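Grab a pencil and work through these exercises at your own pace. Each one is followed by a solution in small steps.

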Amino acid sequence: MQRPTSSQLFARAQEAIPGGVNSPVRAFKGVGGDPVFFARGEGPYLWDEDGNRYIDYIGSWGPMIMGHSFPPVVEAVQKQAAEAIGFGAPTELEIEIAELIKARVPSIEQIRMVNSGTEATMSAIRLARGFTGRDLIIKFTGCYHGHSDSLLVQAGSGVLTLGIPNSPGVPEAIAGNTLSLPFNDAEAVAAALERYSGQVAAVILEPIAGNMGCVLPRPGYLEQLRTLCTDHGVVLIFDEVMTGFRVNAGSAQGLYGVRPDLTTLGKVIGAGLPVGAFGGRADIMACLAPLGPVYQAGTLSGNPLAMAAGLTLLKHLTSDVYARLERQTQRLVYGMEAAAQAAGVPIATAQVPGMFGLFFSETPVHSFEDVAACDTERFKALFHQMLDHGVYLAPSAFEAGFLSAAHDDAAIDTTLDAFRAAVKAI
Ligand code: PLP
């Protein structure tokens with residue numbers, strides 16, 4: 001029997017699933033056209049239901065740092081599934097992964113596993129509020145921290161793609177406790193902390209913003225936030241759901257040498273299975289139930305399949321892997337810059353090992369305001385050109401690109417050939 005094509009599947013999906021997708025950015029609303037339905041992944045490649053092969057720069061939105069179907073992870077999941085899929089009771093695997101994360105990210109003195117990045121940030125916010133006895137939180141416009149009520153204010157990623165600054169369904173009373181400030185502007189934070197002195201529980205940010213493209217922190221910005229939070233008794237939360245173990249063995253905080261009070265993780269630590277985590281200072285984590293009064297729980301938290309996958313992946317993330325990610329990211333980004341220049345198309349880029357941003361802008365990009373000024377029509381045209389040439393970029397101008405260690409020179413050179421043809425045509 002013939003397999004259904006991507007477009008047949010999309011028609012069928014829309015009958016049963018809102019918009020045909022289980023997460024909005026997948027719907028291609030930001031770029032137009034119908035989403036591609038995938039059948040298989042291996043290394044840097046994906047195959048769709050129509051049998052087309054693509055070089056993948058989404059990597060399941062971050063987790064596939066060693067490429068798709070990384071054999072050790074596949075084996076670990078198979079072995080664990082044969083033993084037990086879940087208990088809802090403690091296992092040694094949970095201790096092993098907690099110890100490994102603690103060893104690589106020293107600010108994490110204690111850690112708790114959850115099932116998604118959204119849960120991780122939602123729980124970290126509750127904990128910061130419980131610890132400080134304060135209600136207000138500060139976030140930054142264009143940073144996305146998942147879809148919990150408190151954090152769905154001026155957020156990035158899908159909400160930005162769909163142009164929804166604040167979602168209906170989030171009560172004013174909750175959104176009113178969230179202040180959204182410009183990214184990369186420490187003075188705005190200083191002013192807000194003075195104005196709301198004694199009322200702010202936490203400052204939460206993506207230390208490298210990856211949900212409005214990829215926007216790097218200006219030199220000194222993270223250090224300034226650290227000092228301000230210490231001075232005002234505010235919990236500094238680095239949301240490293242995206243950057244955790246992706247950009248450096250010690251995550252973004254290891255790359256920049258700044259120690260937050262709490263960190264949220266996801267994506268890479270689950271190797272593609274549904275995992276999140278939050279951790280940090282032992283005195284703050286001690287407020288969590290069952291030790292303390294701040295309640296947080298999860299039926300599937302620390303699930304053995306997910307822990308086996310994550311632990312196996314983390315053990316393979318050696319310094320050689322990050323060095324390779326850095327080299328390959330540079331090869332790609334410098335190649336794109338040269339191609340765009342040759343075609344007379346102005347672009348701005350940002351990169352860290354394994355992650356990059358590409359903006360149609362004549363000036364460097366430091367904040368959401370800069371991102372919003374970019375030429376998104378040009379991105380849409382580029383996206384479809386690249387797709388036609390067998391390269392799968394995120395279907396939104398407001399997402400970062402991800403590489404894996406499996407992206408070898410051949411994959412990158414093929415991508416650059418496609419990019420050279422695409423920039424000439426847009
Ligand atoms: N925080 C950041 C920085 C993210 O990039 C994301 C998702 O992309 C989240 C939180 C939410 O994670 P999840 O989609 O697993 O709920």
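**Exercise 1. Which residues lie nearest the centre of the largest cavity, and how many residues line it?**

Step 1: pick out the centre. Phe 356, Phe 379, Leu 393, Glu 399 and Gly 401 lie nearest the centre of the largest cavity, which has 14 lining residues. A cavity here is a set of points, on a 1 Å grid over the protein atoms alone, where a 1.4 Å probe fits but cannot get out, and lining residues have an atom within 4 Å of a point.

Step 2: a word on what you're looking at. This is a predicted model, so local features need pLDDT of at least 70 and side-chain atom pairs count only at pLDDT 80 or more, while totals for chains, interfaces and linings use all residues. Residues are numbered from 1 along each chain as its sequence is written, and side-chain values use heavy atoms, with hydrogens and water left out.

Step 3: get the volume. The largest cavity has about 130 Å³, where a volume is the space filled by probe spheres set on grid points that are joined across faces, edges and corners.

Step 4: find the main contributor. Strand β12 (residues 355-359) provides the largest share of this lining, 3 residues. Helices (H or I, at least four residues) and strands (E, at least two) are DSSP runs, numbered from the N terminus.

Step 5: sort by class. The lining of the largest cavity has 9 nonpolar, 4 polar and 1 charged residues. Ala, Val, Leu, Ile, Met, Phe, Trp, Tyr, Cys and Pro count as nonpolar, Asp, Glu, Lys and Arg as charged, and the others, Gly among them, as polar.

**Exercise 2. What lines the second largest cavity?**

Step 1: list the residues. They are Leu 358, Phe 359, Phe 360, Val 371, Cys 374, Asp 375, Thr 376, Phe 379, Ala 397 and Phe 398.

Step 2: name the elements. β12 and α14 (376-388) are the ones that give two or more residues to this lining.

Step 3: add volume and class. The second largest cavity takes up about 70 Å³, and its lining splits into 8 nonpolar, 1 polar and 1 charged.

Step 4: zoom out. Searching the whole structure turns up 4 cavities of 30 Å³ or more.

**Exercise 3. Which element gives the most to the lining of the second largest pocket?**

Step 1: know the term. A pocket is an open set of grid points with protein on both sides within 12 Å along at least five of seven lines.

Step 2: look at the elements. α3 (92-104) and β4 (110-114) each supply at least two lining residues, and α3 gives the most, with 5 residues.

Step 3: fill in the rest. The second largest pocket holds about 790 Å³ of space. Of its 31 lining residues, Glu 94, Ile 111, Arg 112, Met 113 and Ser 301 lie nearest its centre. By class, that lining has 16 nonpolar, 10 polar and 5 charged residues.

**Exercise 4. Where does the ligand meet an N or O atom in the side chain of Thr 118, and at what distance?**

Step 1: start with Thr 118. An N or O atom in its side chain is 2.6 Å from an oxygen atom of the ligand, which fits a polar contact (a pair of N or O atoms within 3.5 Å).

Step 2: add two more. A backbone N or O atom of Gly 117 lies 2.8 Å from a ligand oxygen, and a polar side-chain atom of Asn 211 lies 3.0 Å from one.

Step 3: describe the shell by class. Around the ligand there are 3 nonpolar, 6 polar and 3 charged residues.

**Exercise 5. What odd backbone spots can you find?**

Step 1: look for a cis peptide bond. One joins Ala 289 and Pro 290, with omega about 10 degrees. Pro 290 sits in the loop between α10 (282-285) and α11 (304-316).

Step 2: look for positive phi. Trp 61 is not a glycine, yet its phi is about 65 degrees; its place is the loop between β3 (53-56) and α2 (71-83).

Note on methods. Polar contact = N/O pair within 3.5 Å; in protein donor to acceptor, adjacent residues only side chain to side chain.
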